[in-house]
Amino acid sequence: MNNWQFPNFKPSEFSCKCCGEQGIQLELVAKVQELRTACGFPFKITSGWRCPEHPAEMRKQEPGTHYQGVACDIAIAGEDAYKVVKEAMALGFTGIGIAQKGDWSSRFIHVDVAQNNRPRIWSY
């Protein structure tokens with residue numbers, strides 16, 4: 001990606017995990033960079049753009065926000081998860097999904113900048 005100007009992230013972090021292709025919108029990455037700066041600590045992107053053949057997208061009736069390139073999931077738990085949600089709301093993310101049950105290694109926060117049916121927050 002030629003326009004990449006995000007010091008805390010690499011394009012590969014937002015590429016499809018099943019094929020490696022890119023489709024993420026720079027608007028989202030800019031917002032995630034703002035979130036990283038506001039939080040003051042690093043976090044890992046576990047899911048960014050998803051191609052149409054990605055297993056999670058294949059289960060959906062309509063393409064989701066990851067396929068649209070306007071969403072990502074952040075591996076985070078505990079106090080740091082609280083701060084991510086707090087800062088994401090303050091920064092104007094339009095969708096926030098919270099998965100904080102079970103093993104700490106499977107916990108995450110979904111953030112997006114989608115416009116349809118927004119703003120909203122949900123749990124997994």
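The exchange below goes through the labels given to helices and strands in this predicted model.

User: Why are α1 and α4 called oblique to each other?

Analyst: Their axes cross at roughly 125°. Angles over 145 degrees count as roughly antiparallel and 65 to 115 as roughly perpendicular, with the rest oblique. The crossing falls in neither range, and α1 and α4 are therefore oblique to each other. The crossing is right-handed.

User: How do you know that α1 and α4 meet, and which residues are involved?

Analyst: Contact means heavy atoms within 4.5 Å. On the α1 side the residues are Lys31, Glu34, Leu35, Ala38 and Cys39, and they meet Lys83, Val84, Glu87, Ala88 and Leu91 in α4. The two axes come within 9 Å.

User: What span does α4 have, and what span is expected?

Analyst: Helix α4 covers residues 78–91, which is 14 residues, and reaches 20 Å from its first C-alpha to its last. At 1.5 Å a residue, 20 Å is expected, and the helix is close to that value. Glycine 92 follows α4, with a positive phi near 90°.

User: Which residues of α4 are called buried, and what do they pack against?

Analyst: Buried means under 20% relative accessible area. In α4 the label goes to Ala81, Val84, Val85, Glu87 and Ala88. The buried residues of α4 pack against α1 and against the strands β2 (71–75), β3 (95–99) and β4 (108–112).

User: What makes β3 a mostly covered strand?

Analyst: Four of the five residues of β3 are buried.

User: How do you know that β3 pairs with β4 and with β5, and which way do the strands run?

Analyst: Two strands pair if there are at least two bridges between them. Five bridges join β3 to β4, and these strands run antiparallel. Four bridges join β3 to β5, and these run parallel. Both counts meet the cut-off, so both are pairs. Glycine 95 has a bridge partner in each: aspartate 112 in β4 and arginine 120 in β5.

User: Does β1 count as paired or unpaired with β2?

Analyst: Paired: three bridges join β1 to β2, which run antiparallel, and at least two are needed. One of the partnerships links serine 47 to aspartate 73 in β2.

User: Why are β1 and β5 at the edges of the sheet?

Analyst: The five strands form an open sheet in the order β1-β2-β4-β3-β5, with mixed pairing. β1 (44–47) and β5 (120–123) each have a single partner strand, so one side of each is left without a neighbour in the sheet. From one strand to the next, the twist averages 25°.

How values were computed
Residues are numbered from 1 along each chain as its sequence is written. This is a predicted model: local features need pLDDT of at least 70, side-chain atom pairs count only at pLDDT 80 or more; totals for chains, interfaces and linings use all residues. Side-chain values use heavy atoms; hydrogens and water are left out. Helices (H or I, at least four residues) and strands (E, at least two) are DSSP runs, numbered from the N terminus. The expected span of a helix is 1.5 Å times one less than its number of residues. Buried means under 20% relative accessible area, exposed over 50%, partly exposed in between (1.4 Å probe, protein chains only). Axes are lines fitted to C-alpha atoms, for helices over the stretch in contact, and angles run from 0 to 180 degrees between N-to-C directions. Angles under 35 degrees count as roughly parallel, over 145 as roughly antiparallel, 65 to 115 as roughly perpendicular and the rest as oblique. A crossing is left-handed if the near helix is turned anticlockwise from the far one by less than a right angle, and right-handed if clockwise.
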